[in-house]
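Subject: Structure handover and notes

Dear colleague,

I am passing on the structure we spoke about, together with my notes on what I found in it. Please look through the model first and then read on at your own pace.

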Amino acid sequence: MIVSTTPSLEGYRIQEYKGVVFGEVIAGINLFKDFGAGLTNLFGGRSDGYEEELLNARSTAMAEMEARAVKLGANAVVGVDMDYEMLGSDNGMMMVNVSGTAVVVEKI
């Protein structure tokens, strides 16, 4: 599966558009990671706990989007966009949404 943020793929021709596909993940940040992030915020530095959760959520959302594209018969997804958001101010929920256009491409 070829996945790209660009609307086309160099060296490939889009033969068919299958539709827009999404991958969504809403992940909770546990109390310990939230506490660690609070200390990092106070003293400075990177929050390994939050970064790990973000990486996992992004990977899961991408895999979900790709699986939905395969179900439509696509072999690529173009125009991919990622959106990240914290839900609420105190509940520690993070949303990752990935979308793109599922297409069938052929090498030229």
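The notes below go from the overall fold to the sheet, the cores, a few individual residues and the salt bridges.

Please keep in mind throughout that this is a predicted model. The chain contains 2 helices and 4 strands, and when these are read along the sequence they follow the pattern β-β-α-α-β-β. Of the 108 residues in the chain, 31% are buried, while the chain as a whole exposes about 6800 Å², of which carbon and sulfur atoms supply 55%. If one takes the contacts between residues at least 6 apart in sequence, 77% of them join residues at least 24 apart.

The strands form an open sheet of 4 strands in the order β1-β3-β4-β2, and the pairing is mixed. Because β1 and β2 stand at the edges with a single partner strand each, one side of each is left without a neighbour in the sheet. The parallel part of the pairing includes β1 and β3, which are joined over 2 bridges, and here Ile2 has Ala76 of β3 as its bridge partner. Between β3 and β4 the sense is antiparallel, and the pairing extends over 10 bridges; Ala76 appears again here, since it stands opposite Val103 in β4.

As for the interior, the largest nonpolar core has 15 residues, and those that touch the most other members are Val21, Met65, Ala69, Val77 and Val98. Two or more residues of this core come from each of β2, α2 (48-71), β3 (76-87) and β4 (93-107), with α2 giving the most, namely 5 residues. Met65 is a useful place to start when you inspect this region: leaving out residues up to four places away in sequence, Met65 touches Val3, Val21, Phe22, Gly23, Val77, Val80, Val98, Ser99 and Gly100. There is also a second, separate core of 5 residues, which includes Leu9, Val78, Val103 and Val105.

Three polar or charged residues may also deserve your attention. Ser4 is found in the loop between β1 (2-3) and β2 (12-28), and with a relative accessible area of 14% it is buried, because the cut-off for that class is under 20%. The side chain of Ser4 makes a polar contact of 2.6 Å with the side chain of Thr6, and, neighbours within four places in sequence aside, Ser4 is in contact with Leu9, Val77, Val78, Gly79 and Val80.

The other two residues, Asp81 and Ser99, can be taken as a pair. Asp81 has its place in strand β3, and Ser99 lies in strand β4; they are 18 residues apart in sequence, but 5.4 Å apart in space from C-alpha to C-alpha. Is Ser99 buried or exposed? At 16% relative accessibility Ser99 counts as buried, whereas Asp81, with a relative accessible area of 46%, is partly exposed. Beyond neighbours within four places in sequence, the contacts of Asp81 are Asn97, Val98 and Ser99, while those of Ser99 are Val21, Phe22, Met65, Gly79, Val80 and Asp81.

Finally, a search of the whole structure finds 4 salt bridges. In one of them the side chains of Arg13 and Glu106 meet at 2.3 Å, N to O, and this pair links distant parts of the chain, as Arg13 is in strand β2 and Glu106 in strand β4, 93 residues apart. Both partners are partly exposed, Arg13 with a relative accessible area of 46% and Glu106 with one of 26%. Another salt bridge is formed by Lys18 and Glu16, whose closest N and O atoms are 3.0 Å apart. The side chains of Arg68 and Glu24 meet in a further salt bridge at 3.2 Å, N to O, which again links distant parts of the chain, with Arg68 in helix α2 and Glu24 in strand β2, 44 residues apart. Salt bridges that share partners join Glu24, Glu64 and Arg68 into one network.

With best regards

Note on methods: Residues numbered from 1 in each chain as written. Predicted model: local features only at pLDDT ≥ 70, side-chain atom pairs only at ≥ 80, totals over all residues. Heavy atoms only, no water. Buried < 20%, exposed > 50% of the residue type's maximum accessible area, 1.4 Å probe, protein only. Polar contact = N/O pair within 3.5 Å; in protein donor to acceptor, adjacent residues only side chain to side chain. Contact = heavy atoms within 4.5 Å. Core = buried A, V, L, I, M, F, W, Y, C linked by side-chain atoms within 4.5 Å. Areas by Shrake-Rupley, 256 points an atom, 1.4 Å probe, with all protein chains shown as cover. Pairing = 2+ DSSP bridges.
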